[in-house]
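Here is a report on one protein model, written for someone meeting a structure like this early on. Keep the 3D view open and find each residue as you read.

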Amino acid sequence: MTHQPRKRFGQHFLADPGTVAKIVAAINPQPGDRMLEIGPGLGVLTRPLAERVGCLHAVEIDRDLAAHLSETFPHERLVVHVGDALKFDFAALGPGLRVVGNLPYNISTPLLFRLADVAATLVDLHLMLQREVVDRMAARPSTPQYGRLSVMLQYRFRIEKLFAVPPGAFRPPPRVDSAVVRLTPLSQPQPEARDVRMLGNVVTRAFTRRRKTLRNALSGMVDEALLASLEIEPGLRPENLAVADYVRISNRVSEATVRTPSSR
Ligand code: SAM
């Protein structure tokens, strides 16, 4: 098939057999695995995966590529869902779903948040992403890369950066370096957030003002007394707090909200 890569769909096709083999080895697909590939493209990963698992699901937004894949693979080997992965009902294929993909980098952050929401239905994820995004996902506290993405994903997943992939492994080559990452859902986050949306609100607020002290970054939402009761120093910066600290803060805010419902 001759296909003109479409920039708007972030199309950079893997063209290096060694990288494909490394990704497949990292995934270690087993017969009978329930697996979904996001953005199969021309099918370079799709073929070795479908051969190993028996029947693979794939979601592809590009109608031409989706039609080509449906014609190339027998239906019992590959079920192609034509559409936007950001709107895909992952839970409908679960439980026990494995998700893989060389992701379109323009949608990677919202997609990661969507996948975090359904983490309980997933076995694992193996994703190719922009290397800088992988560094932020796996970042430890008190480093410049540590931020909202690190906290919200590390709350749900164990994150392992597996290997880097240079631009030359793709056609056309992207302008950035890439890396493959494995995410494994934690059986139970420790400590657990009473309300994950509240955790998201606190973390977003903190890192929107990451240069300020916690006292200032969270003012209006969290007061100093609350921080003191958790033995969290209000003069720290948002990047100094561990994931568990954010959970403890958000749980106190949730408790306070339940105790003093706002008057209508
Ligand atoms: N997996 C192929 C490979 O490794 O060569 C293609 C990878 S390419 C980086 C990303 C793929 O995701 C393209 O096939 C693109 O059409 C598809 N895609 C882009 N946006 C998408 C979306 N919102 N939902 C599903 N697929 C999408």
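Asn-28, just after helix 1, takes a positive phi of about 50 degrees. A similar note goes for the end of helix 2: Gly-54, just after that helix, has a positive phi of about 100 degrees. Bear in mind that you're looking at a predicted model.

Now look back along helix 1 itself, which covers residues 17-27. Which of its residues are buried? They are Thr-19, Val-20, Ile-23, Val-24, Ala-26 and Ile-27. Viewed down the axis of helix 1, these buried residues fall within an arc of 160 degrees, so they line one face of the helix. There's a handy bit of background here: an α-helix has 3.6 residues a turn, so residues three or four places apart point the same way. On the other side of helix 1 you'll find Pro-17 and Ala-25, which are exposed.

Helix 2 (46-53) has its own buried set. Its buried residues are Thr-46, Pro-48, Leu-49, Ala-50 and Val-53. What do they pack against? The answer is helix 1 plus four strands: strand 2, strand 3, strand 4 (78-82) and strand 5.

Strand 2 deserves a stop of its own. This strand (34-38) is mostly covered, with four of its five residues buried. Strand 2 pairs with strand 5 in the parallel sense, over four bridges, and Arg-34 stands opposite Leu-97 in strand 5. Strand 2 also pairs with strand 3 (residues 56-60), again parallel and over four bridges. There, Leu-36 has His-57 of strand 3 as its bridge partner.

Between strand 2 and helix 2 runs a loop, and Val-44 sits in that loop. Is Val-44 buried, partly exposed or exposed? With a relative accessible area of 37%, Val-44 is partly exposed, because that value falls between the 20% limit for buried and the 50% limit for exposed. Leaving out residues up to four places away in sequence, Val-44 touches Leu-14 and Val-20. Val-20 is one of the buried residues of helix 1. Val-44 and Asp-16 are 28 residues apart in sequence, yet their C-alpha atoms are 9.5 Å apart in space.

For a contrast, try Gln-154 in helix 6 (residues 148-156). Gln-154 counts as buried because its relative accessibility is 12%, and the cut-off for buried is under 20%. Setting aside neighbours within four places in sequence, Gln-154 is in contact with Met-137, Ala-138, Ala-139, Arg-140, Tyr-146, Ile-159, Leu-186 and Val-243.

Next come the empty spaces. A search of the whole structure turns up one cavity of 30 Å³ or more. Its lining is made of Ile-23, Ile-27, Leu-45, Val-100, Gly-101, Asn-102, His-126, Leu-127 and Met-128. Helix 1, strand 5 (97-102) and strand 6 (122-130) each give two or more residues to that lining. Two names should ring a bell: Ile-23 and Ile-27 are among the buried residues of helix 1.

The model has pockets too, and here are the two largest next to the cavity.

| Space | Volume | Lining residues by type |
|---|---|---|
| Largest cavity | about 40 Å³ | six nonpolar, three polar, no charged |
| Largest pocket | about 430 Å³ | 17 nonpolar, nine polar, four charged |
| Second largest pocket | about 300 Å³ | six nonpolar, four polar, three charged |

How many residues line the largest pocket? There are 30, and those nearest its centre are Phe-9, Gly-39, Glu-60, Asn-102 and Pro-104. Asn-102 also belongs to the lining of the cavity. Strand 1 (13-14), strand 2 and strand 3 each supply at least two residues of the lining of this pocket.

The second largest pocket, at about 300 Å³, is lined by 13 residues. Closest to its centre are Lys-7, Gly-10, His-12, Pro-174 and Arg-175.

Finally, zoom out to the whole chain. The protein has 264 residues, and 48% of them count as buried. Its secondary structure comes to ten helices and nine strands. The C-alpha trace spans about 65 × 35 × 35 Å along its principal axes. Of the contacts with a separation of 6 or more, 64% link residues 24 or more positions apart.

Terms used:
Residues are numbered from 1 along each chain as its sequence is written. This is a predicted model: local features need pLDDT of at least 70, side-chain atom pairs count only at pLDDT 80 or more; totals for chains, interfaces and linings use all residues. Side-chain values use heavy atoms; hydrogens and water are left out. Buried means under 20% relative accessible area, exposed over 50%, partly exposed in between (1.4 Å probe, protein chains only). Contact means heavy atoms within 4.5 Å. The arc is that of the directions from the helix axis to the C-beta atoms. On a 1 Å grid over the protein atoms alone, a cavity is a set of points where a 1.4 Å probe fits but cannot get out, and a pocket is an open set with protein on both sides within 12 Å along at least five of seven lines; lining residues have an atom within 4 Å of a point. Grid points are joined across faces, edges and corners, and a volume is the space filled by probe spheres set on the points. Ala, Val, Leu, Ile, Met, Phe, Trp, Tyr, Cys and Pro count as nonpolar, Asp, Glu, Lys and Arg as charged, and the others, Gly among them, as polar. Two strands pair if DSSP finds at least two bridges between them.
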